[in-house]
Amino acid sequence: MDLITMNNLTNEESISLLEDAKKLVPVAEGSVHLPLLQGKVLANLFFENSTRTRLSFETAMKRLGGEVLNLSEVGSSVKKGETLYDTMQMIDGYADVAAIRHPKQGAAQYAADAVNIPILNAGDGAGNHPTQTLLDLFTIRQGQGKIEGLNVLLVGDLRYGRTVHSLSHALGRFGASLTLVSPNSLKMPEEIVSDLKSMGCDVQESDNLSSSLESSDVVYMTRIQRERFPDEAEYEKVAGIYKLSKENLSSVRSGMMIMHPLPRVNEIHSSIDSTQYAWYFKQAFNGVPTRMALLCRSLGVDVPEVIG
Ligand code: CP
């Protein structure tokens, strides 16, 4: 099973993965030993920087008894000019499953078409980041117990932010209402807004963060994706445009969750870290059990009903 966009999963399949992930939390924490993937090899192919996605895939595989190969541009023959197609032919022979991050949108699908092993899109340029979406959905269910009917604010760089491209699609399918908060130059691509509307999702667009905070169940902050701007001057115009600090939270709902795919630059002040609203570090940890569930599913390994 490849996972390139959230379109590769039905709602039922997504929920089933999230249920498997819940069972795997003790394994992710290291308190239960469960070598379900012993003898299997994951190739981590990262052609762009990553901390959480790369390391949580690696932790997930190792906690399940599997092995991990790591390839990045520096230190590999990609630096000598080897093509992605040829690189993938090697990986097809060396690994059982691969996670790929690449600066070019569409690269994960290209890689999947080139090989027989399952390919998991770990972020393709300004395209999609579906494994992040799975952990985001897991976190929202953990905090709110549901997705349907929630008011979710997606804030920041909605143009280049691949996390919000994948997440908005999934939230729309699960019946959440969305408020898309961005400066005009970083609005959600029109085709995504139009898809959301055609699936019956209640979508509002705004450039004002503070006016939408009070009625939100989830506030999903994102970094302005500096590396995707063709012109640095355009980045400077919007850098630091949305920042949350404790003072902004005086009239929010008591169960409101602040999430962020991380890394943060200055979108969330560290004074929020110790409040009940801060979910972003738990969210990052949730990458381990959700990626465990996904690796098991991709390799055709069932997660036992009872663990521990
Ligand atoms: N959320 C996320 O994709 O983080 P990394 O870039 O560190 O993998």
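Val155 stands opposite Val181, a residue of strand β6, and this pair is a good place to start looking at the predicted model. The strand β5 covers residues 151-155, while β6 covers residues 177-181. The two strands run parallel and are joined by five bridges. Four of the five residues of β5 are buried, so this strand is largely enclosed by the rest of the structure.

Now look for another partner of β5. Four bridges join β5 to β8, and here too the strands run parallel. Find Leu153, and you can step across to Val219, its bridge partner in β8. From Val219 you can step onward again, because Val219 also has a bridge partner in β9, namely Ile258. The strands β8 and β9 are joined by three bridges and run parallel. In sequence, β8 spans residues 218-221 and β9 spans residues 257-259.

What covers the two sides of β8, and which residues point to each? In a regular strand the side chains alternate between the two faces of the sheet. In β8, Val218 and Tyr220 lie on one side, Val219 and Met221 lie on the other, and all four are buried. Both faces of β8 are therefore covered.

Another pair of strands is worth a visit. Strand β3 (residues 97-102) pairs with β4 in the parallel sense, over four bridges. One place to see this pairing is Ala99, which stands opposite Leu120 in β4. Strand β4 itself runs through residues 119-124 and is mostly covered, with six of its six residues buried.

Follow the chain past β9 and you come to a loop between β9 and α11, where Leu262 lies. Pro263 is found in this loop between β9 and α11 as well, and α11 takes in residues 280-285. The peptide bond from Leu262 to Pro263 is cis, with omega near 5°. Leu262 has another feature to look at: its phi is near 65°, a positive value in a residue other than glycine. With a relative accessible area of 14%, Leu262 falls under the 20% cut-off, so it is buried.

Pro261 also takes part in a contact with a helix. Thr163 sits in helix α7, which covers residues 162-173. Thr163 and Pro261 are 98 residues apart along the chain, yet their C-alpha atoms are separated by 7.3 Å. Setting aside residues up to four places away in sequence, Thr163 touches His129, Gln132, Thr133, Tyr220, Thr222 and Pro261. You have already met Tyr220, one of the buried residues of β8. Is Thr163 buried or exposed? Its relative accessibility is 9%, so Thr163 counts as buried.

Two more helices give a pair of residues to set side by side. Val193 belongs to helix α8 (residues 190-198), and Tyr94 belongs to helix α4 (residues 84-94). At 1% relative accessibility, Val193 counts as buried, whereas Tyr94, at 54%, counts as exposed. Leaving aside neighbours within four places in sequence, Val193 is in contact with Leu180, Met188 and Glu205. Its C-alpha atom is separated by 36 Å from that of Asp86, a residue 107 places away along the chain.

Tyr94, for its part, touches Val41 and Leu69, not counting residues up to four places away in sequence. Between Tyr94 and Leu71 there are 12 Å in space, C-alpha to C-alpha, and the two are 23 residues apart in sequence.

With these places in mind, step back to the whole chain. Its secondary structure comes to twelve helices and nine strands. The radius of gyration is 19 Å, close to the 19 Å that the globule rule gives for 308 residues, so the chain is as compact as a globular protein of that length. Along the principal axes, the C-alpha atoms fill a box of roughly 55 × 50 × 40 Å.

Burial and contacts can be read for the chain as a whole too. Buried residues make up 56% of the 308 residues. Among contacts between residues at least 6 apart in sequence, 74% join residues at least 24 apart.

Finally, turn to the surface and the charges. The accessible surface of the chain comes to about 13,200 Å², and 46% of this belongs to carbon and sulfur atoms. The chain has 29 positive and 37 negative side chains, and the centres of these two sets lie 5 Å apart.

How values were computed:
Residues are numbered from 1 along each chain as its sequence is written. This is a predicted model: local features need pLDDT of at least 70, side-chain atom pairs count only at pLDDT 80 or more; totals for chains, interfaces and linings use all residues. Side-chain values use heavy atoms; hydrogens and water are left out. The radius of gyration is taken over C-alpha atoms; the globule rule is 2.2 Å times the number of residues to the power 0.38. Buried means under 20% relative accessible area, exposed over 50%, partly exposed in between (1.4 Å probe, protein chains only). Contact means heavy atoms within 4.5 Å. Accessible areas come from the Shrake-Rupley method with a 1.4 Å probe; for residues, only the protein chains shown count as cover. Lys and Arg count as positive and Asp and Glu as negative; His and the chain ends are not counted. The place of a charge is taken as NZ of Lys, CZ of Arg, CG of Asp or CD of Glu. Two strands pair if DSSP finds at least two bridges between them.
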